[in-house]
Amino acid sequence: MKQHLVYIKTIGCQMNHYDSERMVQMLAPLNHLLTEDAEQADLILLNTCAIRAKAEQKVFSFLGRLRRLKQQHPDLIIGVGGCVAQQEGKRIFERAPHVDLVFGTHALFRLPELISKVREQRERICDITFSNTLEEPDLAGAGVRRTTAFVTIMRGCDNFCTYCVVPYVRGREMSRPSNVIIREIKSLVQNGVREVTLLGQNVNSYGKKGHIPCNFPELLKKANDIDGLKRIRFTTSHPKDLSDDLIEAIASLPKMCPHIHLPVQSGSDRILKRMNRGYTVKNYLKKVSKLKRAIPHVAITSDIIVGFPGETEEDFEATLALVQEVDYDSIFSFKYSDRPNAPSTRFRDKVSEKINQRRLEHLMRLQEEITRKKNNALVGATREVLVEGFSKNANSRLTGRTLCNRIINIEAMDSLLGQLVSARVEKAYKHCLMGSVVKIDQVKGNTHVT
Ligand code: SAH
Ligand code: SF4
Ligand code: F3S
């Protein structure tokens, strides 16, 4: 069989990165090796994201850059998968005629046969059919060599927040069977993984639909029992479905990291209602207090959208007040953008770009102050760190994360890769910490300290 080289570019969320790894695994038996160099590849796959207008623009500008490559190598096959593929379907061929294959989010596991077909028949294919069941080949953790890994536990979303494209491009919520997930994590651990992050658009509703006799806290208990696994994280937890059982599981299971990503989106009840989020500021804050009471030093992070249609200065001030009150460890903040199919696209009272930009900068400045204050408070403290790899900025340093998900760089000692160490925080920066190793592998991954 001919040896092929595949280059994969991934745009978007952690679930897209997980799916790109599945592509590599599925293509390996068809003699495809991964290359870091697009110029060398005879297959280029782009895994796309449609969450905001900017993400979609990135897709088409990347495809534009591939036009020259396709002219030089007519045998090159270009495939576009993921959320923009699902959203745009055949329209991608019109905007980028050099694309050979469009495969939607539910066609992911048909990728090998689709590629063989394109190669044999030399014709363009678009597969964006949705299915009602999750049919996945058994790919359990093949060949990964690293310390941390993502594991998607459910696909799709049923929440229909009015601004969001995900339910339309990923389809209805479906949970993967718990035994398959646990087998996958065990296999990752055998390959050296020490920390897993369980992924879903709303992990709190894991197992609620279909015939899965296991809910999310129960799944966490099963993962916690896996020997050799040191840390468990998860994302995203929808505030409306955050249960006492889940808070109890984070508080009591030794391997759970004391961190929760609990996106609030806005601090104004009026806007939350228009977003169809299903909670009020009051019940969000109630859950935050419960978390803080049950899990000492819990880190709470959030996503916030500024400039949702109809957002007044007063609504925005309410968001700032909430950010201050929760005292988030970090937030991702976004300017609202219209998305195809999302109901808010038809809302008339859009906020101007100028105001959006000003609000975004204001919110980011506020959060920077809070993060800096929290990081500064850690100087001198000793924290457990899982060493994940080399720092991007300084190759002589190793990088890892504290239990609360703060990035910490430490002086290099290759032998520490993949290990839990105890590190003293020496310096605090805007987005990370600098530390020095105090003890190696002495701390168990189970004390709830920041
Ligand atoms: N399922 C997760 C979010 C996934 S999308 C949740 O419910 O929290 C990640 C983030 O993108 C969202 O939390 C939201 O803050 C942002 N986002 C989604 N659609 C957007 C849009 N149309 N404009 C701006 N930001 C958006
Ligand atoms: Fe989008 Fe809302 Fe679903 Fe999150 S919960 S993916 S924001 S529809
Ligand atoms: Fe983007 Fe699709 Fe993820 S729209 S955020 S890649 S689910």
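**View 1. What sits around ligand 2.** By class, 7 nonpolar, 3 polar and 1 charged residues make up the shell around ligand 2. (Nonpolar means Ala, Val, Leu, Ile, Met, Phe, Trp, Tyr, Cys and Pro; charged means Asp, Glu, Lys and Arg; the others, Gly among them, count as polar.) Look for Cys157, Cys161 and Cys164, which are among the residues around ligand 2, as are His238 and Arg277. To count as near, a residue needs a heavy atom within 4 Å of the molecule. This is a predicted model, where local features need pLDDT of at least 70 and side-chain atom pairs count only at pLDDT 80 or more, while totals for chains, interfaces and linings use all residues. Residues are numbered from 1 along each chain as its sequence is written, chains are lettered from A and ligands numbered from 1 in the order in which they are written, and side-chain values use heavy atoms, leaving out hydrogens and water.

**View 2. What sits around ligand 3.** Here the shell splits into 5 nonpolar, 3 polar and 1 charged residues. Its members include Cys13, Cys49, Cys83 and Arg170. Gln201 is in this shell, and Gln201 also turns up around ligand 2.

**View 3. Strands E17, E18 and E19.** Strand E18 (residues 420–428) runs antiparallel to E19, with 7 bridges joining them. Strands are DSSP runs (E, at least two residues), numbered from the N terminus, and two of them pair if DSSP finds at least two bridges between them. Ser422 has Lys439 as its bridge partner in E19, and a hairpin of 4 residues links E18 to E19. E17 (residues 407–411) and E19 (residues 433–440) run parallel, joined by 3 bridges; Ile408 partners Leu433.
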